[in-house]
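Thank you all for coming, and please have the sequence and the structure open while I talk. I will take this slowly, for anyone who is meeting the molecule today.

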Amino acid sequence: MDCIFCRIVRGEAPAWRVYEDEEFIAILDKYPATYGHTLIVSKSHFTNVLDTPMDLVARGFEVSAKLARAWMHLGARGVNILTNAGREAGQVIFHFHIHVIPRWGGPIIWHGREEIREEVAREIVEKISSVISTHL
Ligand SMILES: [Zn+2]
């Protein structure tokens, strides 16, 4: 099955990882809507929240909330936590994931997003790694 998130989970495709446990990885969105936009991705393949076992959904939101707390600790003014189910809802990759979008005072940019720059990604990974151990 050619699923980009399954390939990332298996280490066969590159991604900026900020967190990993037995059930999830957290990676930076390749086309971030805000600075620090992170995706919580289940290690097992499910299409979206509609077919993912409920205990795994709960665990995913627990990881998301903890990551949100880490972003607040780093000075974010708010955080959006959301998941899209179905093409009509804006789902692009059909493998369960939750968006954690820190807010810094500006708008969310959904259209025309630019690919994250390597130096920015490195900076974010370094920042979040410094607080993640106390918040996750
Ligand atoms: Zn997958």
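Let me begin with N80, which is partly exposed, because its relative accessible area is 26% and the partly exposed class runs between 20% and 50%. Please keep in mind throughout that what we are looking at is a predicted model. N80 sits in strand β4, and, if we set aside residues up to four places away in sequence, N80 touches H99, V100, I101, R103 and I108. Another residue to compare with it in sequence and space is L67, which is 13 residues from N80 along the chain and 11 Å from it, C-alpha to C-alpha.

One of those contacts, R103, leads us on to strand β5, where R103 is found. With a relative accessible area of 23%, R103 is partly exposed. Beyond its neighbours up to four places away in sequence, R103 touches T34, A76, R77, G78, V79, N80 and I108, so that we meet N80 again from the other side. As for A76, it is 27 residues from R103 along the chain, yet the two C-alpha atoms are separated by 5.7 Å.

Where, then, is N84? It lies in the loop between β4, which covers residues 78–82, and β5, which covers residues 97–103. N84 has a relative accessible area of 18% and is therefore buried, since buried means under 20%. Leaving out neighbours within four places in sequence, N84 is in contact with N48, A89, G90, Q91 and H99, and H99 is also among the residues that N80 touches.

Now I would like to turn to the metal. Which residues coordinate the zinc ion? They are C3 and C6, each through SG, together with H45 and H95, each through ND1, at 2.0 to 2.3 Å. The site is tetrahedral, with angles of 101 to 118° among the four donor atoms of the zinc ion. If you follow the donor residues along the sequence, you will find them spaced C-x2-C-x38-H-x49-H. The cysteine C3 has a relative accessible area of 8% and is buried, and C6, at 8% relative accessibility, counts as buried too.

From the metal we can move to the largest pocket, which holds about 630 Å³ of space. Its lining is made of 25 residues, and those lying nearest the centre of the pocket are D29, K30, Y31, L39 and I93. By character, the lining residues divide into 14 nonpolar, six polar and five charged. Which elements each supply at least two residues of this lining? They are α1, which spans residues 4–9, β2, which spans 24–28, and β5. The largest share, three residues, comes from α1.

Finally, let me take you to R17, in strand β1, which runs over residues 17–20. R17 is partly exposed, with a relative accessible area of 29%. Once neighbours within four places in sequence are left aside, R17 is in contact with I8, V9, G11, I25, A26, I27 and V125. P102, by comparison, is 85 residues from R17 in sequence and 17 Å from it in space, again C-alpha to C-alpha.

How values were computed
Residues numbered from 1 in each chain as written. Predicted model: local features only at pLDDT ≥ 70, side-chain atom pairs only at ≥ 80, totals over all residues. Heavy atoms only, no water. Helix = DSSP H or I, 4+ residues; strand = E, 2+ residues; numbered from the N terminus. Buried < 20%, exposed > 50% of the residue type's maximum accessible area, 1.4 Å probe, protein only. Contact = heavy atoms within 4.5 Å. Donors = N, O, S within 2.8 Å, 3.2 Å for Na, K, Ca; no water. Tetrahedral: all angles 85-135°; square planar, octahedral: opposite > 155°, others 65-115°. 1 Å grid on protein atoms, 1.4 Å probe; cavity = no way out; pocket = protein on both sides within 12 Å on 5 of 7 lines; lining within 4 Å. Points joined across faces, edges and corners; volume = space filled by probe spheres on them. Nonpolar A, V, L, I, M, F, W, Y, C, P; charged D, E, K, R; others polar.
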